[in-house]
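I opened this entry to note what I looked up in the model, going from surface to core and then to single elements.

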Amino acid sequence: MADDLFKALADPTRRTILDELTERSGQTLFEICSRLSMKHGLGISRQGVSQHLAVLEAAGLVETRREGRYKFHDLNTAPLRQITERWLTPEKPGPEEKTP
């Protein structure tokens, strides 16, 4: 699981897509492509964005849902919480906080 997640986060275009979904979840492919082009000046094809979304979906960061003929993409932050919790440990008292 973590390998897919780190691979997905390694690409700057995918991080930009996540930023856009953070700002407004539930976008269609057309909306994401438009925002990447207009807001970020990224000249990436619709197919390219679709491939990036597939990587994000495989990592669990994006979930899709269909409503009629539209496919909506939603951000899922649960995998990010899982990796942060993996290495966070409860704080141990420092030397000055120990009681004799």
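I began with the accessible surface, which comes to about 7,000 Å² for the protein, with 52% of it belonging to carbon and sulfur atoms; the areas come from the Shrake-Rupley method with a 1.4 Å probe, and for residues only the protein chains shown count as cover. The model is predicted, and I kept in mind that local features need pLDDT of at least 70 and side-chain atom pairs pLDDT 80 or more, while totals for chains, interfaces and linings use all residues. Residues are numbered from 1 along each chain as its sequence is written, and side-chain values use heavy atoms, with hydrogens and water left out.

I then looked up burial, and found that 32% of the 100 residues count as buried (under 20% relative accessible area, against over 50% for exposed and in between for partly exposed, with a 1.4 Å probe and protein chains only).

For the fold, I noted 5 helices and 2 strands, in the order α-α-α-α-β-β-α from the N terminus on; helices (H or I, at least four residues) and strands (E, at least two) are DSSP runs numbered from the N terminus. Among contacts (heavy atoms within 4.5 Å) between residues at least 6 apart in sequence, 52% join residues at least 24 apart.

Next I asked which residues of the largest nonpolar core touch the most other members. Of its 16 residues, these are I17, I32, V49, L53, L56 and L61, where such a core is a set of buried Ala, Val, Leu, Ile, Met, Phe, Trp, Tyr and Cys residues joined through side-chain atoms within 4.5 Å. Two or more residues come from each of α1 (2-10), α2 (12-23), α3 (29-40) and α4 (46-58), and α3 gives the largest share, 4 residues. I followed I32 further: leaving aside residues up to four places away in sequence, I32 touches I17, L21, Q27, V49, L53 and H73.

In α2, I listed T13, R14, T16, I17, L18, E20 and L21 as buried, and what covers the buried residues of α2 includes α1, α3, α4, β1 (62-67) and β2 (70-75). At the N-terminal end of α2, D11 acts as a cap, with a side-chain oxygen 2.8 Å from the backbone nitrogen of T13.

Last, I turned to the strands: β1 and β2 pair in the antiparallel sense over 6 bridges (pairing needs at least two bridges found by DSSP), and V62 has L75 of β2 as its bridge partner. The two strands form a hairpin with 2 residues between them, and G68 in the turn has a positive phi of about 65°.

Technical notes:
Polar contact = N/O pair within 3.5 Å; in protein donor to acceptor, adjacent residues only side chain to side chain.
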